[in-house]
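Visitor: Please choose one part of this model and take me through it closely, beginning with the whole and then placing the part among its surroundings.

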Amino acid sequence: MPVQRLNHAVLYVRDAERSAAFYEEALGFVRLMEMPKAVFMRAPGSTNDHDLGLFGIGDQAAPSPAGRSSVGLYHLAWEVDTLDELERLAQLLSERGALVGASDHGSTKALYAQDPDGIEFEVSWLVPADRLSEVGDHRGTKPLDLAAEIARFGGSTRGGVGVSSPAPAVP
């Protein structure tokens, strides 16, 4: 059976309560279940049992060396429906001091932010499949000019879901 999509992510964090509050306030996640040192959350608009599990392991936990001195996960990415929503989140994440970057990958327009433990995540809008020709053969990464993208595609245009281009046939 081929994999269709990511169902949920589980993160080890220093303080599950603090991290849950961040994901509630920054991205609108809602708490579904709490246990001692653990919180399970759902993203707005999701029908998953849960999208994010947070397990607190204590303030003594060291930062992850992944990408600096070891292999490991770089980031998680969540999609938003519109560029207006991406712009709203850019403002909110910036106000919280969490926004660390914004990139134009051609078919995706992405924000990069860090949670209270420095775990990086991406929030992206995908160009709808029927408008991919407008970005051409864009390779690499450019700085994101969100105002220009809103002018080009419209702030309320619904983005592509998942990968905008058709998936290759599975043998």
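Guide: The protein, which is a predicted model, has three helices and nine strands. Read from the N terminus, these elements follow one another as β-α-β-β-β-β-α-β-β-β-β-α. With 171 residues, a compact globule would be expected to have a radius of gyration near 16 Å, and the 17 Å of this protein agrees with that. Along the principal axes, the C-alpha atoms fill a box of roughly 50 × 45 × 35 Å. Of the 171 residues, 40% count as buried, while the exposed area comes to about 10,000 Å², with 54% of it supplied by carbon and sulfur atoms. Among contacts between residues at least 6 apart in sequence, 59% join residues at least 24 apart.

The part I would choose is β3, which spans residues 38–42. Four of its five residues are buried, so this strand is largely enclosed by the rest of the structure. On one side β3 is joined to β2 by five bridges, the two strands running antiparallel, and in this pairing Glu34 stands opposite Val39 of β3. A further four bridges join β3 to β4, and these two strands also run antiparallel; here Ala38 stands opposite Phe55 of β4.

The way into β3 deserves a look of its own. β2 (30–35) and β3 (38–42) are separated by a loop that contains Lys37, and the two strands form a hairpin with two residues between them, in which Lys37 takes a positive phi near 65 degrees. Most residues other than glycine have a negative phi. Lys37 is therefore a residue to note, since its phi is positive although it is not a glycine. Is Lys37 buried or exposed? It is exposed, with a relative accessible area of 65%, which lies over the 50% cut-off for that class. The turn residue thus contrasts with the strand that follows, where four of the five residues are buried.

The contact of β3 with β4 also has an aromatic side, and for that it helps to begin with the aromatic pairs of the protein as a whole. A pair of aromatic rings is described by the distance of the centres and the angle of the planes. The count comes to 10 aromatic pairs. One of them is formed by Tyr23 and Trp78, which are edge-to-face, with 6.1 Å from centre to centre and 75 degrees between the planes. Tyr23 belongs to helix α1 (residues 16–27) and Trp78 to strand β5 (residues 76–79), so this pair ties together parts that are 55 residues apart in sequence. Both Tyr23 and Trp78 are buried.

Back in the chosen strand, the rings of Phe40 and Phe55 have their centres 5.7 Å apart and their planes at 90 degrees, which makes this pair edge-to-face because the angle is over 60 degrees. Phe40 lies in β3 and Phe55 in β4 (residues 52–56), so the pair ties together parts that are 15 residues apart in sequence. How is each of the two rings' residues classed by accessibility? Phe40 is buried, with a relative accessible area of 14%, because that value falls under 20%. Phe55, at 28%, counts as partly exposed. Phe55 therefore meets β3 in two ways, as the residue opposite Ala38 and as the ring partner of Phe40.

For the wider surroundings, Tyr23 and Trp78 are also members of one aromatic cluster, together with Phe22, Phe29 and Phe121. Two of these residues lead to another sheet. An open sheet of five strands has the order β5-β8-β7-β6-β9, with mixed pairing, and its edge strands are β5 and β9, each of which pairs on one side only. The strand that holds Trp78, β5, is joined to β8 by four bridges in a parallel arrangement, with Leu76 opposite Phe121 of β8.

Beyond β8, the loop that runs from β8 (120–126) to β9 (142–143) contains Arg131. The side chain of Arg131 makes a polar contact of 2.7 Å with the side chain of Glu134. Leaving aside residues up to four places away in sequence, Arg131 touches Arg152, Phe153 and Thr157.

How values were computed:
Residues numbered from 1 in each chain as written. Predicted model: local features only at pLDDT ≥ 70, side-chain atom pairs only at ≥ 80, totals over all residues. Heavy atoms only, no water. Polar contact = N/O pair within 3.5 Å; in protein donor to acceptor, adjacent residues only side chain to side chain. Contact = heavy atoms within 4.5 Å. Buried < 20%, exposed > 50% of the residue type's maximum accessible area, 1.4 Å probe, protein only. Phe/Tyr/Trp six-rings, centres within 6.5 Å; stacked < 30°, edge-to-face > 60°. Rg over C-alpha atoms; globule rule 2.2 N^0.38 Å. Areas by Shrake-Rupley, 256 points an atom, 1.4 Å probe, with all protein chains shown as cover. Pairing = 2+ DSSP bridges.
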